Amino acid sequence: MVQIANISLPDFPLLLAPMEDVSDPPFRFVCKQNGADLMYSEFISSEGLIRDAIKSKQKLDFNEFERPFGIQIFGGDEEAMALSARIVDTVQPDLVDINFGCPVKKVVSKGAGAAVLKDIDAMVRLTAAVVKSTSLPVTVKTRLGWDDNSKNIEEVAERLQDVGIKALTIHGRTRAQLYKGEADWSLIAAVKNNPRIQIPVFGNGDIDSPQKALEYKNRYGVDGIMIGRAAIGYPWIFREIKHYVQTGEMLPLPTIDERVEVCRTHAHKSIEWKGEIVGILEMRRHYSNYLKGLPHVKEYRNRLVTVKTIAEVDDILNEVKEKFNGIVLERQVIPIQEDQLPACAC
């Protein structure tokens, strides 16, 4: 069992990454149904939360079904981070997570996200301000460093633990890498194997199959892993990894019927939460992976990303179900395309 303060997680828990414009309640619902052990909100601007920005406040929404659940905040100002942590307290999630990993320019230019990796003292001050302002456990998500010349994650881990964080998730890339190249888990392992580190350490980056999840578990010794892009349109990744880690056997791929019905559930919950116009628009990034491997998948995807009503979505999904039910798809790993990337999947 893995403990984050008073939160009990199973051995080798699987975490769903906080992804901007992806990790909303509809997406989290289908991931939780398929085995995600700990999930987070989309990342929330501390200053936006204080200003009562509508989008920021909406990101605080979560359901009891999702627990244990964390709300992730980011910012570069101590007072704003402390105030936003108090606001998060009022909705009573299970933990507060701080984003020190987002590499996108609009966040970094404000001195937040991965920008803080250039100033460890500031990172420590921001973290301490949040820890002091909330009664909830505080965790951190970050990267190896700003660039190849400043991979300071080992020092970061010790200092953040010293000011009171209860778990650390590390993406195995620098900010300079963005999402390019291969994630380097060796430094994640160095943090985990540091005898001074007593908190859970979770690894993140490039986990896209059950085999790789087990390989990295055994090779790097992390307490659990966080999955982001591989879950977009494929929430079954969680149950597949769990089964493979426990048995060494691969689960059968989800059937066409299951793919369609989970996609439909996701779409309908998206409509319920956001309204039809926005709900349908924001579902578009998910269709390719839900239908991955089907013959003529591009034709159906192109239709799904142009329709404007949930009735039309249902009609196309029913057509897919009727036409392809019974087909057994082969297992494949297809890289996430640029147009499918979330705005931030730190």
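**Exercise 1.** How many nonpolar, polar and charged residues are there in the lining of the second largest pocket? Describe the pocket and the elements around it.

*Solution.* The model is a predicted one.

Step 1. Sort the lining by class: five residues are nonpolar, six are polar and seven are charged.

Step 2. Place the pocket in the structure. Its lining comprises 18 residues, and those nearest the centre are S45, G48, F74, V107 and K110. The space inside is about 350 Å³.

Step 3. Assign the lining to secondary structure. At least two residues each come from β5 (44–45), α2 (46–50) and α5 (105–108). Helix α2 gives the most, with three residues.

**Exercise 2.** State the domain assignment of the chain, and find how many residues each domain brings to the contact.

*Solution.* Step 1. The assignment gives domain 1 as 8–247 and domain 2 as 256–324.

Step 2. Taken over C-alpha atoms, the centres of the two domains are 29 Å apart. In the contact, domain 1 takes part with 16 residues and domain 2 with 14 residues.

**Exercise 3.** Identify the residues of the largest nonpolar core that touch the most other members, and explain where this core lies relative to the domains.

*Solution.* Step 1. The largest nonpolar core has 106 residues, and the members touching the most others are L16, W185, I225, I227 and F238.

Step 2. Both domain 1 (8–247) and domain 2 (256–324) contribute residues to this core, so the core lies between them.

Step 3. Take I225 as an example. With neighbours within four places in sequence left aside, I225 contacts F12, P13, L14, L15, W185, F202, G203, I207, A213 and I241.

Step 4. A separate, second core of six residues also exists; F43, F74, C102 and V107 are among its members. Two of these names, F74 and V107, also appear among the residues nearest the centre of the second largest pocket.

**Exercise 4.** Is H266 buried or exposed? Give its helix and its contacts.

*Solution.* Step 1. Locate the residue: H266 is part of helix α11, which spans residues 256–274.

Step 2. Apply the cut-off. Buried means under 20% relative accessible area. H266 has a relative accessibility of 2%, so H266 counts as buried.

Step 3. List the contacts. Not counting residues up to four places away in sequence, H266 touches P26, F27, V30, M283, H286 and Y290.

Step 4. Compare positions along the chain with positions in space for one pair. H266 and V320 are 54 residues apart along the chain, and their C-alpha atoms are separated by 16 Å.

Technical notes: Residues numbered from 1 in each chain as written. Predicted model: local features only at pLDDT ≥ 70, side-chain atom pairs only at ≥ 80, totals over all residues. Heavy atoms only, no water. 1 Å grid on protein atoms, 1.4 Å probe; cavity = no way out; pocket = protein on both sides within 12 Å on 5 of 7 lines; lining within 4 Å. Points joined across faces, edges and corners; volume = space filled by probe spheres on them. Helix = DSSP H or I, 4+ residues; strand = E, 2+ residues; numbered from the N terminus. Nonpolar A, V, L, I, M, F, W, Y, C, P; charged D, E, K, R; others polar. Core = buried A, V, L, I, M, F, W, Y, C linked by side-chain atoms within 4.5 Å. Buried < 20%, exposed > 50% of the residue type's maximum accessible area, 1.4 Å probe, protein only. Domains from an automatic or database assignment. Contact = heavy atoms within 4.5 Å.
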